[in-house]
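Student: I'm new to this one and would like to go through it with you. Could you put it up on the screen?

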Amino acid sequence: NDFQDKVAIVTGAGSGIGAAIARELGRTGAEVVVSDLEEDSSQAVAEDIRSAGGKAQVCTADVADAQAVEALVNFALRECGGLHLAVNNAGIGGPSEKTGDYPLDGWRKVIDINLNGVFYGLRYQIPAMMQSGGGAIVNMASILGSVGFAKAPAYVAAKHALVGLTKTAAMEYATEGVRINAVGPAFIDTPLLSKNLDADTLGQLAGLHPVQRLGTADEVSALTCFLLSERASFITGSYHLVDGGYTAQ
Ligand code: NAD
């Protein structure tokens, strides 16, 4: 992929999948705006990109805050001179409870970050891309954008919803030079899992995939960067799995 002269925003880029995508975009020529809630981890990822010879800047933002997301897009326009690529990746797992016991504040938090955060991204990224001559966006869904998972009702609802949002926005801008797709990873070996689950549970999760292992952040980044690239010029409004066969069963 050649992202020379392209400016990219990646949210949730301080860790896991977002960090892998930010690094790959940086390696392949993009100027990357590394954005996360966590300033320190974002700085570390930006430093990695720069020490590998790439271009990166940090702009901290909470994706659940529409004004912060608008400020992030304005940062890219002002500091980097445009916006061509965006990955709305920031997300959390949320509480693990059945629907009948699900904490109301946990529901709101998951919807605010995993769904509203993606809408705020699109809301400000799309006009900025049109003003920059066009671009491409990937929204990070999950296999749980197409199948259910017990004790994760908020996460599953948010990921299903963002797939519909992706399709609708893609239709609206299909003739205006902005492509929008969603990616659906199965269980990926990142801090989102390893911080919250013990080794036994991780092993059980690995066994749910026909390939009998978890995915890697780099495997998700490869698909995401392909969808952002010109090689994917006829691909818009669709949801692409990277799931080791999970949803084939
Ligand atoms: P991670 O926890 O390693 O990284 C997520 C990053 O998002 C963190 O750096 C965190 O600080 C940041 N973040 C959290 N809330 C934020 C907010 N309000 N504003 C800005 N940044 C915020 O997680 P990951 O596994 O890399 O997940 C990234 C995305 O991939 C998420 O949307 C997740 O739902 C999705 N996903 C993950 C898996 C998996 O198994 N790991 C599977 C499918 C989809």
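Student: Which helices each supply at least two residues of the shell around the ligand?

Tutor: Keep in mind that this is a predicted model. The shell around the ligand has 28 residues, and Gly12, Ser15, Gly16, Gly91 and Leu192 come nearest. Gly16 opens one of the helices you want, which runs over 16-27, and Leu192 falls in the other, 191-194. So the two helices, by their definition as numbered runs, are α1 and α6.

Student: How do the residues of that shell divide into nonpolar, polar and charged?

Tutor: Glycine goes with the polar group here, and Gly12, Gly16 and Gly91 are among the nearest shell residues. The whole shell divides into 14 nonpolar, 11 polar and three charged.

Student: Back to α1, then. How many of its residues are buried?

Tutor: This helix has 12 residues and reaches 17 Å from its first C-alpha to its last, close to the 16 Å expected. Its buried residues include Gly16, Ile17, Arg23, Glu24 and Leu25. Helix α1 is mostly covered, and the number of buried residues is 11 of 12.

Student: Which residue follows α1 with a positive phi?

Tutor: Look just past the end of the helix. The phi there is near 105°, and the residue is Gly29.

Student: And Ala30, is that buried or exposed?

Tutor: Ala30 sits in the loop between α1 and β2. Its contacts include Phe3, Lys6, Val7 and Leu85, and its C-alpha is 5.4 Å from that of Gln4, although the two are 26 residues apart in sequence. A residue needs 20 or more C-beta neighbours within 10 Å to be buried. Ala30 has 28 of them, so it counts as buried.

Student: Leu25 touches Ala30 too. Which other residues does Leu25 touch?

Tutor: Leu25 is one of the residues that touch the most other members of the largest nonpolar core, along with Ala8, Val10, Ala22, Val32 and Val34. Leaving out residues up to four places away in sequence, Leu25 touches Ala30 and also Phe3, Ala8, Val10, Val32, Leu85 and Cys225.

Student: Which helix gives the largest share of that core?

Tutor: The core has 77 residues in total. The largest share is 10 residues, and the helix that gives them, at residues 104-131, is α4.

Student: Cys225 came up as a contact of Leu25. What puts the buried residues of its helix, α8, on the same side?

Tutor: Cys225 is one of the buried residues of α8, and others include Ala217, Val220, Ser221 and Thr224. An α-helix has 3.6 residues a turn, so residues three or four places apart point the same way. The buried residues of α8 therefore can be judged by the arc they cover around the axis, and that arc is only 155°.

Student: What covers those buried residues of α8?

Tutor: One contact we've already seen is Leu25 with Cys225. Among the elements that cover this side are several strands and one helix, namely β4, β5, β6, β7 and α1.

Student: What about α5, how far does it reach from first C-alpha to last?

Tutor: Its buried residues include Pro153 at one end and Tyr173 at the other, and its cover includes α4, β5, β6 and β7. The helix has 21 residues, for which 30 Å is expected at 1.5 Å a residue. The reach in the model is close to that, at 31 Å.

Student: Just before α5 there's Lys151. Is it buried or partly exposed?

Tutor: Lys151 is in the loop between β5 and α5, and it has a positive phi of about 70° although it is not a glycine. It has 14 C-beta neighbours inside 10 Å, so Lys151 counts as partly exposed.

Student: And Asp5, buried or exposed?

Tutor: Asp5 is in the segment before β1, and its phi is positive as well, about 70°. With 11 C-beta neighbours inside 10 Å, Asp5 counts as exposed.

Student: Last one: where is Leu83 found?

Tutor: Leu83 is buried, with 28 other C-beta atoms within 10 Å. Its contacts include Val7, Ile9, Val73, Leu77 and Met129. In sequence, its place is the loop between α3 and β4.

Methods:
Residues numbered from 1 in each chain as written. Predicted model: local features only at pLDDT ≥ 70, side-chain atom pairs only at ≥ 80, totals over all residues. Core = buried A, V, L, I, M, F, W, Y, C linked by C-beta atoms within 7 Å. Helix = DSSP H or I, 4+ residues; strand = E, 2+ residues; numbered from the N terminus. Contact = placed C-beta atoms within 7 Å. Near = placed C-beta within 6 Å. Arc of directions from axis to C-beta. Expected span 1.5 Å × (residues − 1).
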